[in-house]
Amino acid sequence: MPMTSHLRTTLRSFGLAASLIAAAPSGAAKPILYSGATVIDGTGAEPRAGQDILVDGERIVAVGAAGSLAAQAAAARRVDLAGRFVIPGLIDSHVHLATPPNRTRAEAILRRQLYGGVTAVRDMADDLRSVGELSRASLVGDIPAPDIYYAALMAGPSFFADPRVIAVSRGFTPGTAPWMQAIDKKTDLRTAVTLARGTSASAIKIYANLPAERVAAITAEAHRQKLMIWAHSAVFPARPAEVIAADVDSVSHVCYLGYEAQPAMLAAYQDRTPVDEALLAPTGDDPVVARLFDAMRKKGTILDATGSLFVKFEAERKADPKAKPLRCTGARTIRLTQQAWRAGLPISTGTDFVNKAGDAWPEVHAELRYLARDVGMPPLAVIHSATLVGAQAAGQDKEMGSIEAGKLANFVVLTADPLADIDNIERIEMTVKRGREYPRAGYTAPTKKELGDDD
């Protein structure tokens, strides 16, 4: 068939465009050699002084003793980090960014996190339409923000009268949104999990009001479809032991584990009767909780303790006699976390609250202090929890969580040693996320107008 004049013109245009693209400079940034730092790599290994880190694009190319990467770094821009300390980017394993959706507020929270050394977060169930947009904007660098990994929520039908569900499910009957599904015995779990996967979620969060059989069935189907399960440590009426036995990947809120000692389990999440702490051991390790921790250790279940939440809000509620008590006291929450640490459990650093506008630092710093000062973990172990364990909790440990060749260039440059004093996590010179530098000097704190009064 003869070629038409229009087609010949079109092909010539494509050819010209292709030649121009081929001739144009790539615009790729030069590799960067960060030299002479003390590296705390996030694996739990001892710090290594005098280290060079070679970054090309989003990735760490190599890590080695000062001067050892000279041949690989011949064309690199050099950044002298003598006297500095480098840790992996922090990971907050329990945040909520869109209950209800508020883009301005979310961006302010994310900006504070990133400039405070946080390079990834786990969003534990929100309006995923909004969270997905934030995740993409962060990934491509449109906004200064950590990477976001998020969960679709599943719970029993009786949970869906919760006003938070209505706030994140507009346009759907509560319980029918792909990211907020009501589950019962009649639910086709294969379809339900597939709908959750369609939101680009990394996991399903099993939240509340489900019996043990449904918890186990959801977990099995999610794992079959390659989704993680992030669960409350008590799902009501499913006991903590039943949640753990279902092979979930992580459990949130160490406090809820105390319900295992009660003869009768609460029937629903809405019953906020606190843990009867008199049923737990008055001194030493509690034997009932010890059995839970033994099962978790054998299964590799990660504990998202959120301990600073209970300590912080108990202190605030003591000043308000009308405030309802939390599910656990701060003291018991500390003791349970201490027992988890002694049992050898991996503990991530989740928060589940938002600091007010006047606080210049992200919430996860409070969880690091909680683990170091209240629980008594060594700072090296705390940094391991806040980095590599957090990456494991998000299912991203092959990509981040430690300073190693091949992983994303996510790290924090500090001017003082965080192993000498955990407060030095706030001596930030810059955060590097996916190879992009965010100097602390360029940070703008969230305003009251941006954050509002929601929590």
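## Ile 218 and the nonpolar cores

Ile 218 touches a set of residues from other parts of the chain. Leaving aside neighbours within four places in sequence, Ile 218 is in contact with Met 154, Ile 183, Leu 189, Ile 204, Ile 206, Leu 210 and Ile 229. The model is predicted.

Ile 218 belongs to the largest nonpolar core, which has 109 residues. Ile 218 is also among the residues with the most contacts inside that core. The others in that group are Phe 159, Met 180, Ile 204, Ile 206 and Leu 303. Another core lies apart from this one and has 16 residues. Tyr 34, Ala 37, Val 413 and Val 432 are among them.

## Strand S7 and its partners

Strand S7 covers residues 118-123. Six of its six residues are buried, so the strand is largely enclosed by the rest of the structure.

S7 pairs with two strands named here. Strand S6 (residues 90-95) runs parallel to S7, and four bridges join the two. In this pairing Asp 92 stands opposite Val 121 of S7. Strand S8 (residues 147-155) also runs parallel to S7, again over four bridges. Here Val 121 stands opposite Ile 148 of S8. Val 121 therefore appears in both pairings, with Asp 92 and with Ile 148, in a strand whose six residues are buried.

Helix H2 (residues 103-115) joins S6 and S7 in a right-handed β-α-β unit.

## Unusual backbone sites

Two cis peptide bonds precede prolines. One runs from Thr 99 to Pro 100, with omega near -10°. Pro 100 is in the loop between S6 and H2, two elements of the β-α-β unit. The other cis bond runs from Phe 236 to Pro 237, with omega near 10°. Pro 237 is in the loop between strand S12 (228-232) and helix H7 (240-245).

Phe 236 has a second feature. Its phi is positive, about 55°, although Phe 236 is not a glycine. Phe 236 sits in the loop between S12 and H7. Its relative accessibility is 0%, so Phe 236 counts as buried. His 253 also has a positive phi, near 80°, and is a residue other than glycine. His 253 lies in the loop between strand S13 (250-252) and helix H8 (287-299). It is buried, with a relative accessible area of 3%.

## Aromatic pairs around Phe 159

The structure holds twelve aromatic pairs. Phe 159 and Tyr 207 form a tilted one, 4.9 Å centre to centre with 40° between the planes. This pair links distant parts of the chain, 48 residues apart. Phe 159 is in the loop between S8 and helix H4 (163-168). Tyr 207 is in the loop between strand S11 (203-206) and helix H6 (212-224). Both Phe 159 and Tyr 207 are buried.

Phe 159 also pairs with Tyr 269, edge-to-face, at 5.9 Å centre to centre and 85° between the planes. Tyr 269 is in the loop between S13 and H8, so the pair ties together parts 110 residues apart in sequence. Tyr 269 is buried, as is Phe 159. Ring pairs link Phe 159, Phe 160, Tyr 207 and Tyr 269 into a cluster.

## Arginines over rings

Two arginines sit over aromatic rings. The charged end of Arg 327 is over the ring of Tyr 256, 5.2 Å from its centre. The charged end of Arg 440 is over the ring of Trp 361, 3.7 Å from its centre.

How values were computed
Residues are numbered from 1 along each chain as its sequence is written. This is a predicted model: local features need pLDDT of at least 70, side-chain atom pairs count only at pLDDT 80 or more; totals for chains, interfaces and linings use all residues. Side-chain values use heavy atoms; hydrogens and water are left out. A nonpolar core is a set of buried Ala, Val, Leu, Ile, Met, Phe, Trp, Tyr and Cys residues joined through side-chain atoms within 4.5 Å. Buried means under 20% relative accessible area, exposed over 50%, partly exposed in between (1.4 Å probe, protein chains only). Contact means heavy atoms within 4.5 Å. Two strands pair if DSSP finds at least two bridges between them. A crossover is right-handed if, with the strands pointing away from the viewer, the path from the first strand over the helix to the second runs clockwise. Rings of Phe, Tyr and Trp (its six-membered ring) pair if their centres lie within 6.5 Å; planes under 30 degrees apart count as stacked, over 60 as edge-to-face and the rest as tilted. A charge sits over a ring if NZ of Lys or CZ of Arg is within 6 Å of the ring centre and within 35 degrees of the ring normal.
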